[in-house]
Amino acid sequence: MLPPASTIGIVGGGQLGRMLAVAAARLGYRVHIYAPDADSPAAEVAADFTCAAYDDLAALGRFAATVDVATYEFENIPVATLDALGAVVPLHPSPRAIAVAQDRLAEKTFVADLGVRVAPWAAVDDRVGLDAAIARIGTPAILKTRRFGYDGKGQGRIATPADADAAWETIRAAPAVLEGHVAFDREYSVLLCRGQDGAVVTWDAPDNTHVDGILATSVVPATGIVAAQATEATAIATRIADALGYVGTLACEFFASADGPVFNEMAPRVHNSGHWTIEGARTSQFENHIRAVCGLPLGGTDTVHPRVEMHNLIGDQANAWDEILSDPTAHLHLYGKAEARPGRKMGHVTRLLD
């Protein structure tokens, strides 16, 4: 176990790193952030900050020399960066997890090989391959880049085969995966944390609502079809974590279909749909992630209020901070971002309701 007053290195400087750093500080750890952006929100609450490119191996080496253990808060970090870091300091989760999650083709292959239900899909390497994939999968479908897609980015919708050219242009002819339509009632996620000893704790599965491809709300406890499928989905997520030898918080997103849970994607990190756990659970996803990477016992994950709602604040929605603070049920989290651009996550608010 890593004792308090040790230093945790976090690769990535966004809001997830910010909330991890706050959780680490509560447990008595120092945090050193490594990120390429000078205005990284996580750096504002950390003891140290290295501002350098992910491929700057000299800077990465200096960073590694200052930390006792490392983790990451963002899945689009080059695997080579994490391999180099993990060669000189303990790193959790392992680079294998991020290598799988970074590539939709690798992710779908890995999960399908575990016997998990996924949407019908086909790899697409070129424009001719897209036509072949449409003939095989059918329409409607979604064309998704294999890499660097999140919050609805890197996607093109195909209602009929005539939409293929436009979708191909939307993803800029990048290697992709075509996903067939899945009839589903709700979207939800499973969040778990796995310790270095293999122990797993899970939170209640939140019922998620997305707007324009971005998570808008997460609500626990879930009801209806999500509640009915949560146990099976949690078992699937645990199987994935065990197969990866995962350490830390993992999120798996699912569609609630008539056939049961359909795996959508995973995030090898703390996750937006778990923000409700800060006030709504006995131990948050952030604290348990810190506990896991430091080899500490994991905390309880039971929900501590009858109903918890987390609402993302996107773009100028964060400007209503004064109104939000006037609501006694609300817990406001702003991420310290200077510019409120459309589609940008500026903060979130969690409400504890009876």
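**Asking why about a predicted model**

Me: What makes up the secondary structure here?
Reply: This is a predicted model, and the protein in it has 11 helices and 17 strands.

Me: How do you know whether the radius of gyration agrees with a compact globule?
Reply: Set the value against the rule: for 354 residues a compact globule would come out near 20 Å, and the protein has 20 Å, so the two agree. As for extent, the C-alpha trace spans about 60 × 50 × 40 Å along its principal axes.

Me: Why is T234 called buried?
Reply: The cut-off for buried is under 20% relative accessible area. T234 has 18%, so it counts as buried. T234 sits in helix α8, residues 224-244.

Me: What makes the link between T234 and A230 a polar contact?
Reply: The limit for such a pair of N or O atoms is within 3.5 Å. The T234 side chain reaches the backbone oxygen of A230 at 2.8 Å, so that pair makes the cut. Leaving aside residues up to four places away in sequence, T234 also touches V190 and T202.

Me: Why is A5 called exposed?
Reply: Exposed means over 50%, and A5 has 57% relative accessibility, so the label fits. A5 lies in the segment before β1 (7-11).

Me: What makes the phi of A5 worth pointing out?
Reply: Most residues other than glycine have a negative phi. A5 is not a glycine, yet its phi is positive, about 80 degrees.

Me: Which label does D212 get, buried or exposed, and why?
Reply: Exposed: its relative accessible area is 73%, and the cut-off is over 50%. D212 also has a positive phi, about 55 degrees, without being a glycine. You'll find D212 in the loop between β11 (207-211) and β12.

Me: What makes the peptide bond from T139 to P140 stand out?
Reply: Most peptide bonds are trans. The bond from T139 to P140 is cis, with omega near 0 degrees. P140 is in the loop between α6 (127-137) and β6 (141-145).

Me: And what is omega for the bond from V220 to P221?
Reply: Omega is near -5 degrees there, and that bond is cis too. P221 lies in the loop between β12 (214-220) and α8.

Me: Back to the whole protein: how much of it is buried?
Reply: Buried residues make up 54% of the 354. Of the contacts with a separation of 6 or more, 61% come from residues 24 or more positions apart.

Conventions
Residues numbered from 1 in each chain as written. Predicted model: local features only at pLDDT ≥ 70, side-chain atom pairs only at ≥ 80, totals over all residues. Heavy atoms only, no water. Helix = DSSP H or I, 4+ residues; strand = E, 2+ residues; numbered from the N terminus. Rg over C-alpha atoms; globule rule 2.2 N^0.38 Å. Buried < 20%, exposed > 50% of the residue type's maximum accessible area, 1.4 Å probe, protein only. Contact = heavy atoms within 4.5 Å. Polar contact = N/O pair within 3.5 Å; in protein donor to acceptor, adjacent residues only side chain to side chain.
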